[in-house]
Amino acid sequence: THHFEIPYQVRERMEAIAREHNITLSTLLYAAWGILLQKYNNSDDVMVGVTVSGRTPQVKGIDRMVGLFINTLPLRLKATGDNTAAEVFRSLAGHLEERDRDGCEHTSLTAIKPLTDLDKESNLFESIIVIDNYPLDNLLTQPGSGQGTGKSLVIRSYEAFEMTSYDLTIQIMVKEEGSLGVDFHYHAEVFEEE
């Protein structure tokens, strides 16, 4: 794992760009990774996996269900050097809105892959982006999180381990305030840290 922080000042600027283009911070991050993949792969057409929570109100009783309802779906970024950033953002936001509107967040990759031109051995994507936008750090480490019990529970530190089957997973932690934490989880036999 390679960890770094995107400073708060840069995060503020990113959020301002997202507001200016009427997109989410997640869309901006997906676009940035997609453009980077295009450059590294010398391709105008790339695919990345993005995780979705799957906790939509359309699922009856979802508010009473326990468990992870996450799914990883392909997201395609097709853009040429002639496209402006605004055009890339609009196109990507349109794809995400269409996916959400059509209720595709529960579709499995095994159902999606046969609809492509890829052969059986090829993967839809080689890297995934996981955006954690829940305030786990604050919930676990805030004093008084055991209020109402007569005792105050304080967790001073914790550690979580997540694993995917992809050679490269980009995990972005959106904290309530401050910087963005970024972890590149990579397969050391496939990638060098540099």
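**Reading the rings, the sheet and the loops**

Colleague: Why is Phe 4 called partly exposed?

Modeller: Phe 4 has a relative accessibility of 31%. Buried means under 20% relative accessible area, exposed means over 50%, and partly exposed lies in between (1.4 Å probe, protein chains only). The value of 31% falls in between, so Phe 4 counts as partly exposed.

Colleague: What kind of model is this?

Modeller: It is a predicted model: local features need pLDDT of at least 70, side-chain atom pairs count only at pLDDT 80 or more, and totals for chains, interfaces and linings use all residues. Residues are numbered from 1 along each chain as its sequence is written, and side-chain values use heavy atoms, with hydrogens and water left out.

Colleague: How many aromatic pairs does a search of the whole structure find?

Modeller: The search finds 3. Rings of Phe, Tyr and Trp (its six-membered ring) pair if their centres lie within 6.5 Å; planes under 30 degrees apart count as stacked, over 60 as edge-to-face and the rest as tilted.

Colleague: Why is the pair of Phe 4 and Phe 184 called stacked?

Modeller: Their ring centres are 5.9 Å apart, and the planes stand at 20 degrees. That angle is under 30 degrees, so the pair is stacked. Phe 4 lies in strand β1 and Phe 184 in strand β6, so the pair ties together parts 180 residues apart in sequence. Helices (H or I, at least four residues) and strands (E, at least two) are DSSP runs, numbered from the N terminus. Phe 4, Trp 33 and Phe 184 form one aromatic cluster.

Colleague: What makes the pair of Phe 125 and Tyr 166 tilted?

Modeller: The centres are 5.3 Å apart, with 35 degrees between the planes. That angle is neither under 30 nor over 60, so the pair is tilted. Phe 125 sits in the loop between α4 (109–112) and β4, and Tyr 166 in the loop between α5 (136–141) and β5. They are 41 residues apart.

Colleague: Is Phe 125 buried or exposed?

Modeller: Phe 125 is at 4% relative accessibility, so it counts as buried. Its partner Tyr 166 has 23%, and so is partly exposed.

Colleague: Why is one side of β1 and of β3 left without a neighbour in the sheet?

Modeller: The open sheet has 6 strands in the order β1-β6-β5-β4-β2-β3, with mixed pairing. Two strands pair if DSSP finds at least two bridges between them. β1 (2–6) and β3 (71–78) stand at the edges with a single partner strand each, so one side of each has no neighbour in the sheet.

Colleague: How do you know that β2 and β4 are joined?

Modeller: There are 2 bridges between β2 (residues 45–52) and β4 (residues 127–132). The definition asks for at least two, so they pair. The two strands run parallel, and Val 50 stands opposite Ile 129 in β4.

Colleague: Why is Asn 22 called exposed?

Modeller: Asn 22 is at 70% relative accessibility, so it counts as exposed. It lies in the loop between α1 and α2. Its phi is near 55 degrees, a positive value in a residue other than glycine.

Colleague: What makes Ser 179 buried?

Modeller: Ser 179 has a relative accessible area of 17%, so it counts as buried. It lies in the loop between β5 and β6.

Colleague: What joins the side chains of Ser 179 and Glu 5?

Modeller: A polar contact of 2.4 Å joins them. Such a contact is a pair of N or O atoms within 3.5 Å; within protein, one must be able to donate a hydrogen and the other to accept it, and residues adjacent in sequence count only if both atoms are side-chain atoms.
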